[in-house]
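Please look through the structure below with attention to its aromatic rings, its helix packing and the surroundings of a few chosen residues. The report that follows takes these topics one after another.

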Amino acid sequence: MAILECKQLYFSYPEEPKETLSELSLSIQEGEFLVLAGPSGCGKSTLLQLLKKEIHPFGSLTGDIFYQGKALEDYPPAQLTKDIGLVFQDPENQIVMDEVLQELVLGLENMGVGVAEMRRRVAELVHFFGLEPLLHAKTETLSGGQKQLLNLASVLLLRPQVLLLDEPTAQLDPIAAKELIQIVYRLNQEFGLTIVLVEHRLEEVFPLADRVILMKQGRIHCEGSPREVIDQVWESGNPELITYLPSIARLYLELDPSKEQIPLTVKECKAWAEKTLKPMSPNQGTNEQYPEVLLEIKEAFYQYSRQTPWILEDLSLQIYKGDHLAILGGNGAGKSTLLKLLAGLLSPQKGKVLFGKQNIKKLKKSELYQKIGYLPQDPMLFFVRETVEQELIASAEQSGQADPKKAVHEITSQLGLSNVLNRHPHDCSGGERQKAALACLLLNQPEVLLLDEPTKGLDPVSKQQLAFLLQELHAQGITLVIVSHDVEFAAQYASRCALLFDGGIASHGTPQDMFAGNVFYTTAVSRAVRNVLPTMITCEEVLAHCRAVRSIS
């Protein structure tokens with residue numbers, strides 16, 4: 001039986017010439033685990049918001065949405081609030097209370113649940129999620145993973161029939177992301193909860209999904225079981241769509257045209273790889289030498305107040321001219337704090353930050369902004385004007401561009417932002433906001449780009465476009481420093497990686513040095529082929545090796 005059904009949905013935002021959703025019909029079965037994927041701006045988040053009546057986006061809607069056979073309009077608002085839960089992409093946007101326990105009971109209090117029933121529900125769910133140590137903690141002190149777990153628990157306390165999740169792992173490190181997805185899967189398997197998950201980390205969710213829907217330009221492009229969708233996409237031969245496929249599936253399809261059993265898990269791919277791939281002896285990665293230290297942090301200590309522990313402790317890191325460095329680490333490890341120190345936005349209590357041989361404190365702000373571009377994790381901090389175009393033109397004027405409109409046109413064409421110029425930044429998807437903020441930075445032509453989670457909210461195609469752009473900027477001589485939870489992205493595109501742990505740099509080296517031997521902080525391909533090809537960490541490396549072996553033989 002369909003628990004949610006959409007019939008011929010058309011939706012467009014105000015003053016937008018193009019519809020965000022067009023002729024969309026969809027039936028979601030009770031107890032189904034459904035994954036929605038597709039490019040940023042294709043309508044995934046809009047669809048979720050339309051299914052959650054209380055947060056309908058403002059715009060023109062035609063068509064019908066049914067819940068358990070009745071139109072949404074026929075239900076009292078309180079029932080839909082309880083029955084259809086939503087977890088947002090950014091955990092910060094959903095938390096409103098100061099303490100964890102207050103946040104947990106807020107929804108129950110608003111629904112008028114009695115004290116005895118409230119205590120029983122909270123006790124049961126807190127035990128299920130293992131939140132006992134955090135009950136009286138301040139919400140602001142929680143890591144990203146803990147905040148998202150709190151959001152999920154708060155929604156589940158209302159005992160929904162349907163759980164909608166809009167990229168819930170976008171801001172989580174690889175371990176926290178796996179844990180959250182596994183909890184969602186348990187809810188589906190053990191309690192029959194209907195799950196509709198919008199997600200870009202398809203490596204993790206393809207093996208768990210009952211059905212996958214790939215959207216494109218507001219329509220359903222293809223749908224079916226995970227293997228059926230993989231097969232449809234592969235047969236289409238469309239390079240953009242193929243980037244959506246999990247790397248282990250792409251590796252298999254490139255090397256085994258029989259398609260006897262497309263692997264969805266590392267276990268399945270590992271068994272195939274050990275029978276199929278030609279082994280090679282392990283060899284050590286080599287560190288690329290850089291001629292000049294451009295940005296350096298020396299023996300730095302930082303804490304946000306005297307009452308809190310050190311976030312960074314005796315940390316030293318050199319960034320070379322022409323570097324492409326990826327900094328990884330768990331939620332709360334201090335990666336964003338480190339980036340702010342390098343950008344000159346914060347000053348260490350001990351130690352110093354140098355640009356070249358000059359202390360960064362002695363640089364004027366105008367001079368600093370020309371040398372270092374900093375993209376924060378929340379791109380909305382960039383926007384103060386009514387439209388994306390106004391913001392970009394203002395940035396171009398401030399950077400001294402001779403022809404601001406021409407510069408804006410060039411950068412928006414390069415980043416694929418032409419269709420959002422007239423939108424308010426709040427009406428853009430997370431990926432579109434991220435690219436618009438990056439465009440503001442690039443108009444200033446900095447020597448160093450510091451990017452905090454630049455792939456957050458980006459679909460695989462947009463991520464690939466970002467990678468090509470960063471490679472182009474790197475080739476032009478711009479030094480890149482990226483903080484990221486995206487191991488696959490770092491492994492494929494960075495020239496150096498560093499792992500932040502316990503306030504300092506625990507290890508650093510080439511991507512091969514960093515990821516080849518890891519259990520958690522590594523790629524799916526590395527886990528699958530390490531017994532045969534121990535130093536290879538990306539699909540592209542394995543394919544290149546196999547082609548070389550074939551050409552020799």
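Phe128, Phe129 and Phe191 form one aromatic cluster in this predicted model. A pair of aromatic rings is described by the distance of the centres and the angle of the planes. By the pairing rule applied here, the count comes to 9 aromatic pairs. One of these joins Tyr67 and Tyr75, whose ring centres lie 5.3 Å apart with 55 degrees between the planes, a tilted arrangement. Within the cluster, the rings of Phe128 and Phe191 have centres 5.9 Å apart and planes at 70 degrees, so this pair is edge-to-face. Because Phe128 belongs to helix α4 (residues 115-129) and Phe191 to helix α6 (residues 174-191), the pair ties together parts that are 63 residues apart in sequence.

The table lists the accessibility of the residues in these two pairs.

| Residue | Relative accessible area | Class |
|---|---|---|
| Tyr67 | 0% | buried |
| Tyr75 | 7% | buried |
| Phe128 | 25% | partly exposed |
| Phe191 | 54% | exposed |

Two rings also have a lysine over them. The charged end of Lys70 is placed over the ring of Tyr75, at 4.6 Å from the ring centre, and Tyr75 is also the partner of Tyr67 in the tilted pair. In a further case, Lys350 lies over the face of Phe301, 5.0 Å from the centre of the ring.

Helix α4, which holds Phe128, also packs against another helix. Two packed helices are described by the angle between their axes and the distance between the axes. For helix α3 (residues 100-110) and α4, the angle is about 135 degrees and the axes are 11 Å apart; the two helices are therefore oblique to each other, and α3 passes α4 in a right-handed crossing. Which residues meet where α3 and α4 come into contact? On the α3 side they are Leu101, Leu104, Val105, Leu108 and Glu109, and on the α4 side they are Met118, Arg121, Val122 and Val126.

Helix α1 (residues 44-51) is largely enclosed by the rest of the structure, because 6 of its 8 residues are buried. The buried residues of α1 are Lys44, Thr46, Leu47, Leu48, Leu50 and Leu51.

Another buried position is Ser395, which lies in helix α14 (residues 388-398). Is Ser395 buried or exposed? With a relative accessible area of 15%, Ser395 falls under the 20% cut-off and therefore counts as buried. When residues up to four places away in sequence are left aside, Ser395 touches Cys440 and Leu443. Leu342 is 53 residues away from Ser395 along the chain, and the C-alpha atoms of these two residues are separated by 22 Å.

The last topic is backbone geometry. Most residues other than glycine have a negative phi, and most peptide bonds are trans. Glu453, in the loop between β17 (448-452) and α17 (460-475), has a phi near 55 degrees, a positive value in a residue other than glycine. Asp502, in the loop between β19 (496-501) and β20 (504-509), likewise has a positive phi, near 55 degrees. As for their surroundings, Glu453 has 3% relative accessibility and so counts as buried, whereas Asp502 has 64% relative accessibility and so counts as exposed.

Notes
Residues numbered from 1 in each chain as written. Predicted model: local features only at pLDDT ≥ 70, side-chain atom pairs only at ≥ 80, totals over all residues. Heavy atoms only, no water. Helix = DSSP H or I, 4+ residues; strand = E, 2+ residues; numbered from the N terminus. Buried < 20%, exposed > 50% of the residue type's maximum accessible area, 1.4 Å probe, protein only. Contact = heavy atoms within 4.5 Å. Phe/Tyr/Trp six-rings, centres within 6.5 Å; stacked < 30°, edge-to-face > 60°. Lys NZ or Arg CZ within 6 Å of the ring centre and 35° of its normal. Axes fitted to C-alpha atoms, helices over the stretch in contact; angles between N-to-C directions. Parallel < 35°, antiparallel > 145°, perpendicular 65-115°, else oblique. Left-handed = near helix turned anticlockwise from the far one by under 90°.
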